[in-house]
Amino acid sequence: MAFIPHKYYVSTSLYEFKEDRGSLQITIKIFKDDFINAFKKNKGINLQMRDDLNSKEIKFKINSYLLSHLSIFLDNKKHELFYLGLKKDTELITCFLEIENLPEFKKIKLENTILFDLFENQKNIIHLKKGNKKRSFILSKDTPNSVLEF
Amino acid sequence: MISHYGFSQQPPQELKEKGHINTNKFRQMYQEFSSPNMFRTAAGAPGPAYYQQQADYKMNIELDDRNKRIYGSETITYTNNSPDHLEYLWVQLDQNIRKKDSPSLMINEFSTRPAYRPSGFVKDFLDKPFDGGFNIEYVRDQDGKPLSHIINQTMMRIDLPNVLKSGEKVSFSIKWWYNIQDHVNQDGRSGYETFKSDGNRSYIIAQFFPRMAVYNEVEGWQNYQFWGDGEFALPFGNYEVKITVPADHILDATGELQNRKDIFSKEMLKRFNEAKKTYDKPVLIVTQSEAEEAEKGFSNNKKTWHFKAKNVRDFAFATSRKFIWDMMTVKIGDRDVMAVSMYPKEGNPLWEDYSTIAVAETLKTYSDYTFDYPYHKAISVHAKQIGMEYPMICFNFGRPNIDGSYSDDVKFGMIGVIIHEIGHNFFPMIVNNDERQWAWMDEGINTFVQYITEQKLGQDYPDIIYPLENFPSDRGPAKMITDYMSVDQNYLAPIMSNPENVYSLGPNAYGKPATALNILRETIMGKELFDHAFKTYSKRWMFKHPTPEDFFRTMEDASAVDLDWFWRGWFYTTDYVDIGIKEVNQFYISPKPSKVIEEMMEKRGIPMDRMPSLVYLEDFNNDTENFKEGSPLENSKLLNNYLKENFSKEEIDNLEIPKFFYEIVFNKPGGLVMPIIIEYEYEDGTKNRIKYPAQVWRKNDNEVRQVITSNKKIINISLDPDLETADIDTSNNSWPKKQEDSEFDTFKSKIKG
């Protein structure tokens, strides 16, 4: 078999806690075609036809798509994510989000359901980096969120 | 001191460590591998007692298009080439995975969600179960008498009235029917797709008949159930199949068409003969406008297509009145092989442009690395969201938008899957491993050759990949597997695991083994040694059934490169690669003893003037008088005199006496052993490389020291500069440590600026 149609449905996210800056930097890599299809299904807009994906109008729509699929709770308190923009490569789209003024926390709950509405088998690989501690795990439709103590 | 006063005093804790078994990463794999025997040698080749069974089939098949059903009857002739006597036979009933009461429907998890789209709710809770699975009408012996049998899910045991002795044959017949499922909306590697726009269906039919299981000296009967992820173990044999479909269908299948003159129109025959002598571009046997015309037909008449296939392990076919058909001849060795594509108009313009070209390139490249493709044709059939392989025919995705436009991703995805599935003809259709137990043996090996072929296609057809310089392969290069290998260990399984139990089968059975082979080829063994060993393996096991050990042993046996450490690390563990530069100590030749020696002498209470005359190396950091810029022979009179006493002036002039000594301490936070590849840069901008073989880790698995000497200052040392070792963390790969801006910071500063 070649499979599970089309590559493997995986996205990779890096959540990096920059303690010196008091911020959380989130970098999400998704296959470009998957993102375009998910977006088309969810918002009815075909991003393929747009040249500037960081224009105000598109940025607003992408922002709303991402924020409806991502959430972070620090010590049970939900935090607002700020969407910075995205970068387009041959195969991938990289989205950048940030939370500034990060408080001290012990427990983090992460939810990432990007592309779950499109693919049953979507797996979102999450890497969390805090100082020299690194934790990684995979979120899927059956386990869309994860709780960790740092 | 141990006290003996009374019982209340405890003796001091004994800190003696416990003993251990051999855990050295370079130990040979005597314990992991099966013992070599008369069936499979220690060299990795078939042994003098090697045997394999044979299963021949004569089948009559009818497709009921209206009811989406297959009716079939077959006679199976099974030859027992084993030294054993068999009391029963096992027959595989793959369609039973879709039986309404099938346990395979229950092995995956099922949970509730807080909210559903109505269609999702219906699918999860209201849908009537699909009435799938084989309906067996009879199982009869060669005299037509009923044969005792019992069905256990996807496996049927036939109880032979007489024991089948070694060397004997037995024949029996089965009649059955089953409902074909919609592979787009349901699951599966085969089935039908309904095109709402014209009301027609296209069928990709496989696993449609009860077929023999494998019996061998490794597993006995390979009768592990078909649960969905584990694929197939099948014996070789000869097939004769007659398939009856609507008269206006275009069909192709495994095997040689016997009655072409009855099936083909005069025009089609003319075009076919043209294709037989066309080597540079596909020739259309059925054009798009002819297919579009046929779509309106809905013929009530029938036609029977008659095929014969020799030495194949399976049989599949595709049929539809929507098919466009093109063919091109490819020279393989001194033979002509036909590259064929079948696709509905929905596949165009992509399919008419690239499918047959991709088929041809695959046949040529795989033949270069293994053996000349032995069959007479290879077919690529267009199917939505499928990528699946059968002997001589495969089903591949790649559909443009309705207006004919398509993205690069769709184009390269299609070419990649065609290469992959056509490549499967070599692994496992001809080098026929047990996929039910070891998915990686064909998937991983195939994905590796797929990568080589994709890159070759990019070089041979630069127009197809323009403006890219290389085909955008997504598996193969070492750096593409690091994401997967650095995932939380709870989600990782070794490659040597049964495919049913693996979390992420894609990277586990496809990406990681393909990458491992690529690393072996490019970094560990080198292309010449690797290619020869790989070809040896392919040729040894062509039309036979290899096990993993046969592959592992052959690669080593034919190259003299010890690979036990590599196979164990990459295939039997979930270890990853992380090698780093822990520290670099810089030394020069000093006129006086170093600080380290002074401290050591002081500790021992020995005055410095008792120190014998020696050549001293001192750390850069302790150079208070800038001796490091001086010449070594001026700094060390001792060395200077020694040389004068032992060498002629001419010899001394030709000696390269180093000025600087760099002691590099490498550490290995990751478990996998890999060669240490470094590139160092001198002050004047010139660079040099060294590669220490993996064996450098054999005595110390955690830390290794090496020394580089030179006359010029080294300002920069990089580990694995070409990213060949799948190192998951490159932040410890440089000296001095690189402070690189993260991708995030680079992006943020760009939008702010």
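**A tour of chains B and A**

Start in chain B. Seven strands form an open sheet there, in the order E4-E7-E2-E1-E13-E17-E15, with mixed pairing. Strands, labelled E, are DSSP runs of at least two residues; helices are H or I runs of at least four; both are numbered from the N terminus. Two strands pair if DSSP finds at least two bridges between them.

Before you go on: this is a predicted model, where local features need pLDDT of at least 70, side-chain atom pairs count only at pLDDT 80 or more, and totals for chains, interfaces and linings use all residues. Residues are numbered from 1 along each chain as its sequence is written, while chains are lettered from A and ligands numbered from 1 in the order in which they are written.

**Sheet edges, chain B**

Select 135-141 and 256-257 of chain B. These are E4 and E15, the edge strands, and each pairs on one side only. Now add residues 302-312 of chain B, strand E17. Two bridges join E15(B) to E17(B), and the two run antiparallel. Click Glu256(B): its bridge partner in E17(B) is Lys308(B).

**Helix pair, chain B**

Select 408-423 and 440-460 of chain B, helices H6 and H8. Their axes come within 9 Å and cross at roughly 130°. Axes are lines fitted to C-alpha atoms, for helices over the stretch in contact, and angles run from 0 to 180 degrees between N-to-C directions. H6(B) and H8(B) are therefore oblique to each other. Angles under 35 degrees count as roughly parallel, over 145 as roughly antiparallel, 65 to 115 as roughly perpendicular and the rest as oblique.

Show the side chains next. From H6(B), Gly416(B), Ile419(B), His420(B) and Gly423(B) meet residues of H8(B), including Asn446(B), Val449(B) and Glu454(B). Contact requires C-beta atoms, placed from the backbone, within 7 Å.

**Over to chain A**

Select residues 23-31 and 92-99 of chain A, strands E2 and E6. Eight bridges join these antiparallel strands. Ile30(A) has Ile93(A) as its bridge partner in E6(A). Then add E5(A), residues 82-88, which six bridges join to E6(A), again antiparallel. Tyr83(A) stands opposite Leu97(A) in E6(A).

**Last stop: confidence**

Colour chain B by pLDDT, the predictor's confidence in each residue, from 0 to 100. The chain B average is 92, and 96% of the residues score at least 70. Select residues 1-8 of chain B: pLDDT is below 50 there, and the stretch has three contacts beyond near neighbours in sequence. Where pLDDT is low, the predicted coordinates should not be read in detail. The model scores ipTM 0.83 and pTM 0.87.

Methods
Contact = placed C-beta atoms within 7 Å.
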